[in-house]
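Open the model in your viewer and keep the sequence panel beside it. Each stop below says what to select and what is there.

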Amino acid sequence: MQLAAGVRERVAAVHGGAELPELLRLYDGWAGRYEQDVAALEYRAPYLAAASLAFAFPSPPAEARVLDVACGTGLVARELHRRGFRRLHGVDGSAGMLELARGTGLYRQLQRCELGREPLPAPAERYDAVTLVGALGEGQVPSSALPELLRVTRAGGFLCLTTRSNPSNRRYRAELEAVLQQLEQKGAWQRVLVQEVPRWERATSEEEENVRGSGYISGVIYIYRKCPVPPPEEG
């Protein structure tokens, strides 16, 4: 079944390279229809990311403190909650999205933050896990924000990230993976999982399909674990 024109238009608008104030205005306006639209898109990232993080987690997660960055309306929180995570905090740049996230009752704390323009509203090494699902993409959160995610993650904690692999996001993905590799080479984190997912969500146009005629775009999940800070060298 073909996607409704309104769904295609709203998705195209937020991925159209708007400046941040306009992008946040678009998300505020989309908030009320967001979950309906992503259901039509068969958007699987929240489910897949939460399942991957839960699989990687070494201990029962009920007491783990998790920061859901770009939390939107709370789709990732719902999936984490189903897997036993209870101490959930969230941040997002859109006031409209945060209002709906607050209505889920799943977050202990929600704050507005424009990641990429300002630091996360948290002290260093506060969280056992940090998620950033769906917002690492062209015109969204810049890959230069990754060190800020690391800052608020405790040593030994996990970071769960996702991005799309559709044609219009290939340049961003290449830049993102260069930063991921640089941080790994510096000893900031260790790679736990990289999973390619062919049917990430329905494509909004034939040009965006990874395989022509499939009707879908693909995506990828990354799980990293923050390394302990090495002690200073003596002498």
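Select A129 first. Across from A129 stands F158, a residue of β5. Keep in mind as you go that this is a predicted model.

**The strands around β5**

Now show β4 (127-132) together with β5, residues 153-164. β4 and β5 run parallel, and 5 bridges join them. How does the chain get from β4 to β5? Follow the backbone through helix α6, residues 146-151. This β-α-β crossover is right-handed.

Next, add strand β7, residues 216-226. β5 pairs with β7 in the antiparallel sense, over 7 bridges. To find a facing pair, select L159 and Y224: L159 stands opposite Y224, which belongs to β7.

Colour β5 by accessibility. Is the strand largely enclosed or largely open? Of its 12 residues, 10 are buried, so β5 is largely enclosed by the rest of the structure.

**Two nonpolar cores**

Select Y43, L53, L80 and F85. These residues have the most contacts inside the largest nonpolar core, which has 42 residues. Zoom in on F85. Beyond its neighbours within four places in sequence, F85 is in contact with L53, A54, F57, P61, A64, V66 and L80. L53 and L80 are thus on both lists: core residues with the most contacts, and contacts of F85.

Then select C113, L136, L161 and Y222. They are among the 29 residues of a second, separate core.

**S52 in helix α3**

Go to α3 (45-56) and pick S52, which is in this helix. Is S52 buried or exposed? Its relative accessibility is 8%, under the 20% cut-off, so S52 counts as buried. Show what surrounds its side of the helix by selecting L193, Q195, I221 and I223. S52 is in contact with these residues, leaving aside neighbours within four places in sequence.

**Two glutamates with positive phi**

Step back along the chain to E42. E42 is in the loop between α2 (20-40) and α3. Check its backbone angles: phi is positive, about 55°, although E42 is not a glycine. E42 is partly exposed, with a relative accessible area of 37%.

Now jump to E125, in the loop between β3 and β4. What is the sign of phi at E125? Positive, at about 55°, and E125 is not a glycine either. E125 counts as partly exposed, at 40% relative accessibility.

**Last stop: R112**

Select R112, in strand β3 (residues 107-112). R112 has a relative accessible area of 47% and is partly exposed. Since that value lies between 20% and 50%, R112 is neither buried nor exposed.

Turn on distances. The R112 side chain reaches the backbone oxygen of G93 at 2.9 Å. What joins the side chains of R112 and E114? A polar contact of 3.2 Å.

Widen the selection to the contacts of R112. Outside four places in sequence, they are L24, D92, G93, A95, L98 and E118. G93 is thus on this contact list and also supplies the backbone oxygen that the R112 side chain reaches.

To finish, pick the C-alpha atoms of R112 and E207. They are 34 Å apart in space. Along the sequence, R112 and E207 are 95 residues apart.

Terms used: Residues numbered from 1 in each chain as written. Predicted model: local features only at pLDDT ≥ 70, side-chain atom pairs only at ≥ 80, totals over all residues. Heavy atoms only, no water. Helix = DSSP H or I, 4+ residues; strand = E, 2+ residues; numbered from the N terminus. Buried < 20%, exposed > 50% of the residue type's maximum accessible area, 1.4 Å probe, protein only. Contact = heavy atoms within 4.5 Å. Polar contact = N/O pair within 3.5 Å; in protein donor to acceptor, adjacent residues only side chain to side chain. Core = buried A, V, L, I, M, F, W, Y, C linked by side-chain atoms within 4.5 Å. Pairing = 2+ DSSP bridges. Right-handed = clockwise from strand over helix to strand, strands pointing away.
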